[in-house]
There are 2 protein chains.
Amino acid sequence: MHPLLRQHIDRYITLSEQEQDHCSTFFQPLVIKKKHYLLQEGAINKGLTFVTDGILRSYAIDKNGFEHIIQFAPPGWWIGDMGSFTRQEPAKLFIDALEESKLLWLERSDLEHLYKDIPQLERLFRILAENSIITYQNRLISNLSMPAIERYENFCRQYPSLIQCLPQKQVASYIGVTPQFLSKMLSEQRK
Amino acid sequence: MHPLLRQHIDRYITLSEQEQDHCSTFFQPLVIKKKHYLLQEGAINKGLTFVTDGILRSYAIDKNGFEHIIQFAPPGWWIGDMGSFTRQEPAKLFIDALEESKLLWLERSDLEHLYKDIPQLERLFRILAENSIITYQNRLISNLSMPAIERYENFCRQYPSLIQCLPQKQVASYIGVTPQFLSKMLSEQRK
DNA sequence: CGTCTATTTGAATGTACTCAAAAGCGGTGG
DNA sequence: CCACCGCTTTTGAGTACATTCAAATAGACG
């Protein structure tokens with residue numbers, strides 16, 4: 001099992017060597033090049049992705065053609081379209097790589113089997129889902145209650161390592177402003 | 001076990017009579033009057049709440065004193081401050097009743113025991129958490145990509161029964177505009 | 001070096017907010 | 001049963017935050 005995945009799992013549950021080995025047989029290593037898609041809107045998201053290297057993003061495109069980034073996934077994070085994955089419906093999101101990335105891919109059907117073999121995994125994914133809820137909730141509160149500049153400062157505080165590797169445009173999309181406006185805010189701030 | 005709770009659980013997992021009975025011993029019935037708090041910012045959220053009658057809401061108050069509604073909980077819904085509940089940290093949210101309501105209260109420690117007695121419950125709460133993620137994600141996309149009037153129309157489509165019993169002010173807070181602006185939008189729309 | 005994309009800057013515009021005040025509505029007590 | 005109080009909703013005028021459109025500049029990559 002990939003050390004990053006192992007470390008990730010160990011943070012929440014305890015698996016025996018056997019269980020770990022059993023688990024790891026279902027994760028398929030995958031490499032995805034910069035700008036290549038892992039998922040496109042309308043497709044069915046048939047598996048979950050654990051990032052080991054690089055960085056992915058998920059985003060929606062609105063009817064005016066603008067991208068709205070939902071999530072960045074650096075190493076150690078999961079990414080997927082939860083709606084499409086759990087209900088096997090057409091995805092609302094695109095997922096692509098911002099740079100060449102290495103992934104571990106877990107098929108939905110394999111995960112369902114794993115839940116039966118290792119009930120602890122239900123617990124793991126319950127906790128991961130709860131953490132995700134907390135993150136979404138905080139972001140929602142930010143969006144509802146803060147002006148753009150504070151949302152930006154928030155982002156920098158929360159993801160200091162991401163700020164360094166992301167183009168400004170991507171950050172603008174995440175915090176919910178146009179790239180032009182983010183640029184103007186930053187030039188104001190520098191004064 | 002309360003029929004609404006039973007029906008709710010049955011939608012996702014299958015419990016034996018015994019398991020159901022065991023479960024239900026931990027749910028404490030509770031009545032909360034209009035405008036009374038179930039949780040206040042800064043307190044620790046020590047349990048989860050399943051609503052059987054009435055309606056609750058959770059909301060954050062920003063530094064300017066404005067409320068931002070995170071969730072409404074009509075009968076059949078859970079409500080709580082996930083961050084405070086799972087990490088036993090001070091809550092960021094207030095939860096109160098919009099009208100006199102009846103609840104079933106489940107203590108965190110009891111839930112932890114229940115997870116051990118009935119591992120299926122890990123599954124139940126995993127699925128509930130995943131559904132919650134999907135809801136938050138859709139709302140985030142709405143907030144990022146739609147003007148206020150469309151967010152309102154969205155809300156009406158998604159929660160037709162809520163629209164009828166909620167004062168306009170509460171809906172405004174949920175979709176993220178001032179009550180004045182919602183009023184202006186609606187009077188425009190009527191023309 | 002040339003092309004493509006990201007960033008910056010400026011002017012005009014628009015969506016939504018603030019402040020203020022009037023009107024409507026529901027509940028309560030005399 | 002009506003009058004009053006408090007809260008919600010409406011309306012208007014002025015303002016601010018953020019967008020759009022446009023164009024120039026800067027950076028990255030083959």
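Which residue in strand 5 of chain B stands opposite L56(B)? Each view below comes from a predicted model, and the second view holds the answer.

**View 1. The open sheet in chain B.**
Here we're looking at 4 strands in the order 2-7-4-5, paired antiparallel. Strand 2 (37–39) and strand 5 (67–73) of chain B sit at the edges with a single partner strand each, so one side of each has no neighbour in the sheet. On average, neighbouring strands of this sheet are turned by 30 degrees against each other, direction ignored.

**View 2. Strands 4 and 5 of chain B.**
Zooming in on this pair, strand 4 (residues 56–61) runs antiparallel to strand 5, and 6 bridges join them. As for the opening question, it's A73(B) in strand 5 that stands opposite L56(B).

**View 3. Two helices packed on the sheet.**
Helix 5 (residues 120–145) comes from chain A and packs on the sheet, touching strand 4 and strand 5 of chain B. Its direction makes about 135 degrees with that of strand 5 of chain B. Helix 8 (residues 168–175) of chain B also packs on the sheet, touching strand 4 and strand 5 of chain B. For helix 8, the angle with the direction of strand 5 of chain B is about 105 degrees.

**View 4. Chain A, the chain that supplies helix 5.**
Chain A carries 9 helices and 6 strands, and its C-alpha trace spans about 60 × 30 × 30 Å along the principal axes. The radius of gyration of chain A is 18 Å, which agrees with the value near 16 Å for a compact globule of 191 residues. Of those 191 residues, 34% are buried. Among contacts in chain A with a separation of 6 or more, 69% link residues 24 or more positions apart.

Note on methods:
Residues are numbered from 1 along each chain as its sequence is written. Chains are lettered from A and ligands numbered from 1 in the order in which they are written. This is a predicted model: local features need pLDDT of at least 70, side-chain atom pairs count only at pLDDT 80 or more; totals for chains, interfaces and linings use all residues. Two strands pair if DSSP finds at least two bridges between them. Axes are lines fitted to C-alpha atoms, for helices over the stretch in contact, and angles run from 0 to 180 degrees between N-to-C directions. Two residues are in contact if their C-beta atoms, placed from the backbone, lie within 7 Å. The radius of gyration is taken over C-alpha atoms; the globule rule is 2.2 Å times the number of residues to the power 0.38. A residue is buried if 20 or more other C-beta atoms lie within 10 Å of its own, exposed if 12 or fewer, and partly exposed in between; C-beta atoms are placed from the backbone.
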